[in-house]
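Subject: Structure for your review

Dear colleague,

I am passing on the structure we discussed, and my notes follow directly after it. Please read them with the coordinates open beside you.

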2 protein chains.
Amino acid sequence: MARPREFDPREALDKAMLQFWAAGYHDTSIRDLTARTGVNQYGLYSQFESKRGLYLAALDRYRDTVTRAVLARLRQAGPVADALSGAFAVLIARMRTEDGAVGCMMANAALEVAPQDEGAAAKVDAHMTLLREAIGARLDAARTAGDLASETDTGQLAEFFATTAYSLGFLLRAGRDDAYLQRHITTALAVLG
Amino acid sequence: MARPREFDPREALDKAMLQFWAAGYHDTSIRDLTARTGVNQYGLYSQFESKRGLYLAALDRYRDTVTRAVLARLRQAGPVADALSGAFAVLIARMRTEDGAVGCMMANAALEVAPQDEGAAAKVDAHMTLLREAIGARLDAARTAGDLASETDTGQLAEFFATTAYSLGFLLRAGRDDAYLQRHITTALAVLG
DNA sequence: GCCATTTCTTATCAATCGTTATGAAATGAG
DNA sequence: CTCATTTCATAACGATTGATAAGAAATGGC
């Protein structure tokens, strides 16, 4: 009934995500996005409404890929310290892409975009909650299993380790090497006692 | 011998710093800067060469004001845990300005600008070193005084607490309240044993 | 094989970007 | 008072921004 689309919207979104992730929101132009995705302007606007709409969609895509993989590792059985350090390892691996995107896109958004964009702020907020609650659930399970002392404040620890995850994004984008990040993780995990 | 300048370069720099700090580099225009500082374009260009030059100068100014105050508190006598939590308190107070600038300007620079600007990256790097070494010196002094176990790895702890400081900037800019930050500090300080 | 419909390609829009030029205003030396 | 010098206030520069318009190209229903 009409001319078929010549691109896969999800592939385009993946590439746009990498562009925003690498260069940030304001330093990425529509032309950068057409070059990176191979999709013409009409295609991007018909699918994502605006540059901002594409960016917000990219934040969702980041959660559904990078964060999803981290949470999956977090839920694995075993000592809670192993689950956390395993999840951090997955996170670090995912935060260093072959396409120049380094660090945590959600942390980047929190500092660059969210303070002046309610929509982005809501997505950052939801992400922080998602991560904190997943970690909290894992800590609760460990406490129930006797892996943690019964008086442990799992909510407070969940906040701490969620923040630790964002810190790793900061450190990676700031050019610290893996040994540096590993030392940070080791020190942070020491709060488990 | 010539018409006198009508503005104080340091005052202008302070106001420009607040603008960059609040809105970031790419979302701040020269016109934003002239409006915020009250200085005309000629004045800004004659003093700071370019938008980028002004930004780099603002990063230095941030170190010389905000960070300087934090390090001064860090050096105060008393238990090392008090010195650290006192320094964190000073940092938090300074990271919430009356002019809309929230968080740590250096952390913002690390994520938004440094990955694509060598000059900014060098300043961020130097700042991380400055903070880490100051904390390390304080920890060393505490260890010498017997306030910390002799086998304590003060270098590793200094990295950890420096990162904790940047994390506070992240949390504040992400809209967390003081209680949230305080819980994070309490948990982080638990690594001291 | 036509036609309505959607996408593709390309050009273009006004607005804003960082930066620079231009002429008036203000100073102190002579 | 004159003049060289510097800053001030504006205007303007070409380039780029996000977004849209216009016409050619491609499809399936009929």
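I would begin at B:Phe170, which, leaving aside its neighbours within four places in sequence, is in contact with A:Ala107, A:Ala110, A:Leu111, A:Tyr166 and A:Phe170 of chain A, and with B:Gly103 and B:Ala107 of chain B. Please keep in mind throughout that this is a predicted model. The largest nonpolar core has 126 residues, and of these A:Phe170 and B:Phe170 touch the most other members. As general background, nonpolar side chains in soluble globular proteins tend to be buried together.

Turning to how the chains are arranged, a rotation of 180 degrees, with 0.0 Å of shift along its axis, superposes chain A on chain B with an RMSD of 0.0 Å. The two copies are thus related as by a two-fold rotation axis.

In the interface itself, 33 residues of chain A are in contact with 33 residues of chain B. On the side of chain A that touches chain B, at least two residues each are supplied by helix H6 (105-112), helix H7 (118-144), H8 and helix H9 (178-189) of chain A, and H8(A) gives the most, with 10 residues. Sorted by class, that side of chain A has 18 nonpolar, 10 polar and 5 charged residues. Because 100% of the interface residues of chain A are also interface residues in chain B, the copies meet through the same surface.

Helix H8 of chain A (residues 154-173) deserves a closer look on its own account. At 1.5 Å a residue, its 20 residues should span 28 Å, and the end C-alpha atoms are 29 Å apart, which agrees with that expectation. H8(A) is also mostly covered, since 17 of its 20 residues are buried, and the helix is followed by A:Gly175, whose phi is positive, near 85 degrees.

The remaining notes concern DNA strand C. Of the 23 residues around this strand, those that come nearest are A:Ala2, A:Arg3, A:Glu6, B:Arg3 and B:Ser29. Helix H3 (41-48) of chain A, together with helix H2 (30-37) and helix H3 (41-48) of chain B, each supply at least two residues of the surface near the strand, and H3(A) gives the most to that surface, with 4 residues. By class, the residues of the surface near DNA strand C divide into 10 nonpolar, 7 polar and 6 charged.

With best regards

Methods
Residues are numbered from 1 along each chain as its sequence is written. Chains are lettered from A and ligands numbered from 1 in the order in which they are written. This is a predicted model: local features need pLDDT of at least 70, side-chain atom pairs count only at pLDDT 80 or more; totals for chains, interfaces and linings use all residues. The expected span of a helix is 1.5 Å times one less than its number of residues. A residue is buried if 20 or more other C-beta atoms lie within 10 Å of its own, exposed if 12 or fewer, and partly exposed in between; C-beta atoms are placed from the backbone. A residue is near a molecule or strand if its C-beta atom, placed from the backbone, lies within 6 Å of it. Ala, Val, Leu, Ile, Met, Phe, Trp, Tyr, Cys and Pro count as nonpolar, Asp, Glu, Lys and Arg as charged, and the others, Gly among them, as polar. Copies are superposed by least squares on the C-alpha atoms of residues with pLDDT of at least 70 in both. Two residues are in contact if their C-beta atoms, placed from the backbone, lie within 7 Å. A nonpolar core is a set of buried Ala, Val, Leu, Ile, Met, Phe, Trp, Tyr and Cys residues joined through C-beta atoms within 7 Å.
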